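Here's a protein fold to wander through, strand by strand and gap by gap. Keep the picture open while you read.

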Amino acid sequence: MGHLVQVKGGEVWADDTGADGAGPPVVLLHPGVGDSRLWEPVLPGLGAGRHRVIRYDARGFGRSPAPTTSYAQVDDLRSVLDHFELPRVVLAGSSMGARAAIDLALDDPGRVAALGLFVPGVAGYEGLEVPEVTEEIGRLATAGDMDGLVALALRLWGAAGPDPDPEAESALRAAIPAWFTTYGHETPGAPAFDRLGELDLPCTLLLGERDQPEVIRCNEAMAARIPGCRLVRHPECDHFPTLRAPRDVARLVRELCERAAAD
C-alpha cells in the first residue's frame, strides 16, 4: 500500500515493498509518458523478497498532487530516499526518471550503487528538441485536444506497440495533464551530458531501436560517454520498454543489483 511522502513544498505518492532481501534496495523512476504504474509489468521479474523495491509518482503524475511551488526532480528523489532511510540504492529510471537518476549519481555518488537507464533523457543534451513537434503539442494543448495529443505521442514514442495500443494510450492519458501542471514549477537539472564521464559505477543503458530517432541518437551518445556502460540495443522496444519488454528490463535490473552487491 502506497502513501504520500513529504518533499520540499509538496508531497509525492510512494510505494515500498518493505521486503529486505539479500540484494540492495531498488528505486524505480517513471518516464514522462506515464506514471509509476508503468513499472508494474516489471515487478514480478524482480523477484518477490529478493529486493526491497520503491517506486513513486513524480509531482503531478499518478497519485501525486500537482506542484504549487518550484521544485527539482533530483531533490524529490533525495527526499524519498531519506524518508525510507535508504543510504545507498540501485536506481532504475526510464526517460524522465533516468534524467533524475543521473543527476543524483553525479551530485551524490555515494548514494547510488548502480544505474539502470532505460531510453533515458539527460539534462544538457541539445539534440532532443524537434521544433515542429513542440509547436504541434502547443497547438493541440491550446485546442484542448487530448485525443490529438495522445495520437501524436503514440506516433513519436509508441511505434513498437499494437494497434490499438490500450496500455500505452491509458498511460499517456493519465500523464499528459502533468506536462502542463508542472510547467513553470519544475526547475530543470544542471547540464549533465558533458559530465557523464564522471560516473564511476555499474551502468546499463537500454536503447529502443523503434524509439524516436532523436532519442536513439541521444542514447548512443550517452552510452559512449559513460565509462564502462553496457549498451543494450533492443529491437522490439520504443519509448515504453517496461510495457514492450518487461522481462528483459527486469533481468537487466537484477544483473545490476548483482554487480552492485559484488562491488
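## Strands side by side

Let's start in the middle of a sheet: Val27 sits opposite Leu91, a residue of strand β5. This is a predicted model, so treat everything below as computed from it. Val27 belongs to β3, which covers residues 26-29 and pairs with β5 in the parallel sense over 4 bridges. A bit further along, Leu29 has Gly93 of β5 as its bridge partner. On another side, β3 also pairs with β4, again parallel and again over 4 bridges, and there Val26 stands opposite Val53.

Strand β5 has a further partner in β6 (residues 112-118), which runs parallel to β5 and is joined to it by 6 bridges. Here Val90 is matched with Ala114 of β6.

## Two faces, both covered

In a regular strand, side chains alternate between the two faces of the sheet. You can follow that pattern in β5, where Val89, Leu91 and Gly93 point one way while Val90, Ala92 and Ser94 point the other. How many of the 6 residues of β5 are buried? The count is 6 of 6.

Strand β3 tells a similar story: Val26 and Leu28 are on one side, Val27 and Leu29 are on the other, and all of them are buried.

## The nonpolar cores

Nonpolar side chains in soluble globular proteins tend to be buried together. In this model the largest nonpolar core has 42 residues, and the members that touch the most others are Val27, Leu91, Ile102, Leu115, Leu117, Val122 and Met222. Which helix gives the most to this core? That's α2 (residues 96-107), with 6 residues. Apart from this core lies another one of 23 residues, including Trp39, Val42, Ala92 and Leu252.

Zoom in on Met222. Leaving out anything up to four places away in sequence, Met222 touches Ile102, Leu117, Pro120, Gly121, Val122, Phe193, Leu196 and Leu205. Val122 is in the loop between β6 and α3, and since its relative accessible area is 5%, Val122 is buried. With sequence neighbours up to four places away set aside, its contacts are Arg99, Ile102, Ala192, Phe193, Leu196, Cys218 and Met222. Val122 and Ala190 are 68 residues apart along the chain, yet their C-alpha atoms are separated by 9.7 Å.

## Empty spaces

Rolling a probe the size of a water molecule over the atoms shows where empty space is left. A search of the whole structure turns up 1 cavity of 30 Å³ or more. The largest cavity has a volume of about 60 Å³, and its lining is made of Leu29, His30, Tyr56, Ala58, Gln73, Met96, Gly97 and Ala100. Helix α2 supplies the largest share, 3 residues. Sorted by class, the lining has 5 nonpolar, 3 polar and no charged residues.

The largest pocket has a volume of about 1,400 Å³. It is lined by 36 residues, and those nearest its centre are Arg99, Leu128, Glu129, Trp157 and Trp179. At least two lining residues come from each of α2, α3 (131-142), α4 (146-157) and α5 (166-181). By class, the pocket lining has 21 nonpolar, 11 polar and 4 charged residues.

## A hidden aspartate

Asp57 is in the loop between β4 (53-56) and α1 (73-83). Is Asp57 buried or exposed? It counts as buried, because its relative accessibility is 0%, below the 20% cut-off. Apart from its neighbours within four places in sequence, Asp57 is in contact with Val12, Trp13, His30, Asp35, Ser36, Gly62, Arg63 and Ser64.

## Unusual backbone spots

Most residues other than glycine have a negative phi, and most peptide bonds are trans. Ser95 has a positive phi, near 55 degrees. Ser95 lies in the loop between β5 and α2 and is buried, because its relative accessible area is 14%. Val119 has a positive phi too, of about 40 degrees. Val119 is in the loop between β6 and α3, and with 0% relative accessibility it counts as buried.

Finally, look for the cis peptide bond joining Asp163 and Pro164, where omega is about 0 degrees. Pro164 lies in the loop between α4 and α5.

Key. Residues are numbered from 1 along each chain as its sequence is written. This is a predicted model: local features need pLDDT of at least 70, side-chain atom pairs count only at pLDDT 80 or more; totals for chains, interfaces and linings use all residues. Side-chain values use heavy atoms; hydrogens and water are left out. A nonpolar core is a set of buried Ala, Val, Leu, Ile, Met, Phe, Trp, Tyr and Cys residues joined through side-chain atoms within 4.5 Å. Buried means under 20% relative accessible area, exposed over 50%, partly exposed in between (1.4 Å probe, protein chains only). Contact means heavy atoms within 4.5 Å. On a 1 Å grid over the protein atoms alone, a cavity is a set of points where a 1.4 Å probe fits but cannot get out, and a pocket is an open set with protein on both sides within 12 Å along at least five of seven lines; lining residues have an atom within 4 Å of a point. Grid points are joined across faces, edges and corners, and a volume is the space filled by probe spheres set on the points. Ala, Val, Leu, Ile, Met, Phe, Trp, Tyr, Cys and Pro count as nonpolar, Asp, Glu, Lys and Arg as charged, and the others, Gly among them, as polar. Two strands pair if DSSP finds at least two bridges between them.
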